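Colleague: I am teaching a first-year student to read a model slowly, and I would like one part of this one examined closely. Could you take the aromatic rings as that part, and then set them in the wider picture?

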Protein chains: 2
Amino acid sequence: MSVEEIQKAKQAVEFNREQLEGILRGRFFYAPAFDLYGGVSGLYDYGPPGCAFQANVVDVWRKHFVLEESMLEVDCTMLTPYEVLKTSGHVDKFSDWMCKDPKTGEIFRADHIVEEVIEARLKGDKEARGIAAHPVEESADKKKRKKKVKEIKAIKLDDEIVKEYEVILAKIDGFSGAELGELMVKYDIGNPVTGDKLEPPKAFNLMFETAIGPSGQLKGYLRPETAQGQFLNFNKLLEFNNGKTPFASASIGKSFRNEISPRAGLLRVREFLMAEIEHFVDPLDKSHPKFHEVKDITLTFLPRGVQESGSTVPITETIEKAVATKMIDNETLGYFIGRIYLFLTKIGVDPKRLRFRQHMGNEMAHYATDCWDAELQTSYGWIECVGCADRSAFDLTVHSQKTKEKMVVRKKLETPIEVTKFEIDLTKKLFGPKFRKDAPKVESFLLNLSQEDLKTKAKELADSGKVTFTIEGIEGDVELDDKFIKIEEKTKVEHVREYVPNVIEPSFGIGRIIYAIFEHSFWNRPEDVARGVLSFPPLVAPSKVLLVPLSNNKELQPITKQVSDILRKSEIPFKVDDSGVSIGKRYSRNDELGTPFGVTIDFDSVTDGSVTLRERDSTKQVRGSVEAVIKAIKDVTYQGVAWDEATKDLTPFVSQEAK
Amino acid sequence: MSVEEIQKAKQAVEFNREQLEGILRGRFFYAPAFDLYGGVSGLYDYGPPGCAFQANVVDVWRKHFVLEESMLEVDCTMLTPYEVLKTSGHVDKFSDWMCKDPKTGEIFRADHIVEEVIEARLKGDKEARGIAAHPVEESADKKKRKKKVKEIKAIKLDDEIVKEYEVILAKIDGFSGAELGELMVKYDIGNPVTGDKLEPPKAFNLMFETAIGPSGQLKGYLRPETAQGQFLNFNKLLEFNNGKTPFASASIGKSFRNEISPRAGLLRVREFLMAEIEHFVDPLDKSHPKFHEVKDITLTFLPRGVQESGSTVPITETIEKAVATKMIDNETLGYFIGRIYLFLTKIGVDPKRLRFRQHMGNEMAHYATDCWDAELQTSYGWIECVGCADRSAFDLTVHSQKTKEKMVVRKKLETPIEVTKFEIDLTKKLFGPKFRKDAPKVESFLLNLSQEDLKTKAKELADSGKVTFTIEGIEGDVELDDKFIKIEEKTKVEHVREYVPNVIEPSFGIGRIIYAIFEHSFWNRPEDVARGVLSFPPLVAPSKVLLVPLSNNKELQPITKQVSDILRKSEIPFKVDDSGVSIGKRYSRNDELGTPFGVTIDFDSVTDGSVTLRERDSTKQVRGSVEAVIKAIKDVTYQGVAWDEATKDLTPFVSQEAK
């Protein structure tokens, strides 16, 4: 089979999700966690092939991003104290809206319930009008959930109402809890099965809470993202990097989100593997020295403007043009979008089913000023798999304000500049006697006043000879006269510019990417549709080689062991299948595991040391010495050499399957 | 420097923990997590070199164990529902004893407080008697904790009391909470600072608790070990392995223990990386096919008997002899002990500071029937870093009993055997009408009765024509007559033997191993004791190469970039240091990072393409082409070739440092 023929064969049979998911569970790529105990929704375990696939994806990620860019990888704790996530905004804002049915105790996600009920009514209306509801592509979230509205009733609606419903659906991601509550009252939306009224939407924080230490008094959470650990270590990382910017930190690890009612397999789970990069950059210079390496890549974009105009027709253009036209804000953001594309396609994402969608204003996380998602198309719709957010200086600023610890970059200026600003002088020896143990707190407060505050206070001090402050943790007002402090506007020559860096954050949901690759890699052999194949790129395939002795005959055992030893020594993951079943069956089992190569040992192998190498997708076979075959496997798997090129010195072989 | 000279140099300067820990924090191997917010005890972040070191250790672990033995690696969730850990015994038994001071609210670990107060009194006694307290080697836990007893008072004790105290200390790991409470009352042991009485010891469960889902009603914990996820997936794993045993599963991931008052850096933390193997084996056949590969290794053992006789003098012998004499119970346990030894020494553990200590009866975890710890000697004492426990069939049995799901291996018998046992027959059509929705529950209960129960009930049924049962979840007694069930003793020929496998569990605390390697690798250059060196094996060193252009001169930039590109393409982790400081200073900084090789680029490099390669420990230098130097680096790092052998074709070079 030629490359074109394989491509054609892969498209021949229509995708069947049930079959794929059957294979994934049957071959133990993954399974519901605690299955034996009835399972817990949103929790999944990875079995051997899933776990190996995940480890390979993580390995490629680390090489593609961390090693390639000399990023500073850190491993921070998942347990996080309350105070940190209060400051970062997650305690107050990291939540979804939930509604409880007071009768049944069931809990629903407010936006989902509104959306589903309205959709069901619109469908019912279409039926009543005799319009066949044509299968529209549904959004990811919709298809993922088990439908709560079981029955569509064919009831015709007023034209006016239909219009109102359509507007609501278009804006569904943008409503506040109160607005959702109003919609539910106005349109009489309740429990979709019983129709009973629900309680008004309440914010449900998505973080798992726990208590650290034996007293139970130190409240903590499981981190909802790895990012905070990286921000908190910013000063140490900057020092490690000899004070130079731009630089990036990176982290791979589990994060946790207590989803209200997770369904649909690996796409919405409560515990998941993330790989996150925090690239710290000068807000005044977001150019990137390696931008030229990605600028010519052509991508599919869905920018904010297109979506807000009500369209989903993407724009296809080069990254260079996208940055030049300011559709993508800057080179650094463009560079990472290009690198994300290269990574995803390297590990098996179909480039035709990948787009970059910009967030609309109302859907951005509380810390982001701009965000592009790499979305992968699956049978559940377009799924957000990688976010590439500009978090500006948000996180460093809030942590710095809270802890009074400076988190800045100091950059030597080429030409010194004159700066005029207010400065505060404390007569420190007076503070101890007056404030005793509170003295450090008062001093720190005063030294951290903003320019604006200093301006106001300077006037107050000049006018009345004294100033008053309210300081957190100190009772009553603090009054100081000009013997204690002086505030003056001074002009100085500065040789160093101090700034809080901006953060560009590419953030990868590894489990979602993996699931999308499962779908993108799956096809059926047209000659036998029951035979599913997972065409993973060899680089990330769980196992690279299936080693198959032709029969159980003892004569084949020594050479099988010998080839095993060589594979093991070459660190090529492989599996021996010496079960009695036919070669064809054994290969077919491994098609389902996505194993790219088969090495067959037969009786000729015993005499001349040659073996047969089979390629999974084309089922092409070639023959040569063990060393030559292993070299071909290594070249294709780790060096990205094409099959034909890598096997050009091996002898074509007529398939035993075909015989 | 020859190998012997290096060995001598490494011993020349006395180990200084403060200096090592200063370097580890200064170079950001690790740091207290949430430092900026005052830190949380027992939580640490790994910075770039620590994180890379950890990733390399995990990578070697995976190759040494998982790939070498074709283990089935899985990745299970950390969130674990209450029910699972209730069954496994962790909810009831995974706790330490804590005492609260009712006045100050301080919380102490009961065994630690008894031990410390008694030790302080014994020291005071020695002082009073004029005996200099000679520095005894303290146990790990003791040294690790900040001493709570600040002041030793020189008070002479009765001879009788001294003896009683010594006996208590010898048995300190074996007391129950009640016994600790009695000791505290009897010997008036209270808050070590104020002397005030403490509340009686209370069990404190070491698991972090949380609630899963929005209702808050599904109680869960963060797993205290990765093992349970592996046990729960046993049936799927067995099927994946085509029903064959023995086989092993493996898992690498974070676990959590809410220590009462963790101190002492990486050795006792609340969140830690574990790598665990569960090897499932036939209880009647614990031989191992690869035992011969490790049998000749000579190890240091501290078996139970020696310890119970009050001695700590180890036994040195081969694994073969240890198994033959039954000191180690069986070949499989012996095999893993040997493999653990090979792994630890490969990644930098000093074999002279490694011993295998068998647990005494009173210190075993609730699930273990036998356990050998690989202990590593550090300045904190001997630290348990790897446990190798025989969990027998404990876990599979309890989960199977709880869930009524069989977890067994079916093994075809060579010769069929006759088996006589009680069998129960249900007249199923009668159960539905009588028990309605409870019918499946009643049937499952009856089908899972033990042989013993069946025997009793058979008699009851024969005697009275009916039997009664109490079934969990069903109100009132369940009465059945012989129309519903028959219980008879039958003799049958069986072709298959069914058994619950035993589990041998090698369990690695990665953070503890890493810390021990830090100590084992650290030394000072005798010619300049301020220069600390971390002599990591190249295989696990965070970065392999420091690339050093001799000066900032622009002429050197193209070739520096060229060498960088080759290193990157060869996937050799490296760092460029083009800072202005002297070569000596740059190397010295990298000695602290444990970088094994330096590659220097000078002006000759520009003309003839040759570079200098420097070895960290010996500071030996050789010169050759970039390709030849990179080959030498790869051979030493990944192939384990000795330096002299790997560089024999390169030209010796006189050190620039020495000039």
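Modeller: I begin with how the model is to be read and with chain A as a whole, then turn to the rings, and end with the relation between the chains.

This is a predicted model, in which local features need pLDDT of at least 70 and side-chain atom pairs count only at pLDDT 80 or more, while totals for chains, interfaces and linings use all residues. Residues are numbered from 1 along each chain as its sequence is written, chains are lettered from A and ligands numbered from 1 in the order in which they are written, and side-chain values use heavy atoms, with hydrogens and water left out.

Chain A holds 24 helices and 29 strands (DSSP runs numbered from the N terminus, helices being H or I with at least four residues and strands E with at least two). Its C-alpha atoms fill a box of roughly 105 × 65 × 55 Å along the principal axes. Of its 659 residues, 55% count as buried, where buried means under 20% relative accessible area, exposed means over 50%, and partly exposed lies in between, for a 1.4 Å probe and protein chains only.

Now to the rings themselves. A pair of aromatic rings is described by the distance of the centres and the angle of the planes. Rings of Phe, Tyr and Trp (its six-membered ring) pair if their centres lie within 6.5 Å, and planes under 30 degrees apart count as stacked, over 60 as edge-to-face and the rest as tilted. By this rule there are 54 aromatic pairs over all chains. In one of them, the centres of the A:Phe53 and A:Phe536 rings lie 4.5 Å apart and the planes meet at 45°, so this pair is tilted. The two residues are 483 positions apart, with A:Phe53 in helix α3 (residues 48-67) of chain A and A:Phe536 in the loop between β23 (528-534) and β24 (545-549) of that chain. A:Phe53 is buried at a relative accessible area of 0%, and A:Phe536 is buried at 0% as well.

In chain B, B:Phe53 forms a tilted pair with B:Phe518, at 5.5 Å centre to centre and 45° between the planes. Because B:Phe53 belongs to helix α3 (residues 48-67) of chain B and B:Phe518 to helix α19 (residues 510-521) of chain B, the pair ties together parts 465 residues apart in sequence. Both B:Phe53 and B:Phe518 are buried. Back in chain A, one aromatic cluster is formed by A:Phe29, A:Phe53, A:Phe518 and A:Phe536.

Rings can also lie beneath a charge, and a charge sits over a ring if NZ of Lys or CZ of Arg is within 6 Å of the ring centre and within 35 degrees of the ring normal. B:Arg17 places its charged end over the ring of B:Tyr380, 3.7 Å from the centre, while the charged end of B:Lys236 sits over the ring of A:Phe28, 5.9 Å from the centre.

Finally, chain A is superposed on chain B by a rotation of 180° with 0.0 Å of shift along its axis, at an RMSD of 0.1 Å (a least-squares fit on the C-alpha atoms of residues with pLDDT of at least 70 in both copies). That is the relation of a two-fold axis. The same surface serves both copies, since 99% of the contact residues of chain A recur in chain B, contact meaning heavy atoms within 4.5 Å. Of the residues of chain A, A:Thr210 comes closest to the rotation axis, with its C-alpha at 2.6 Å.
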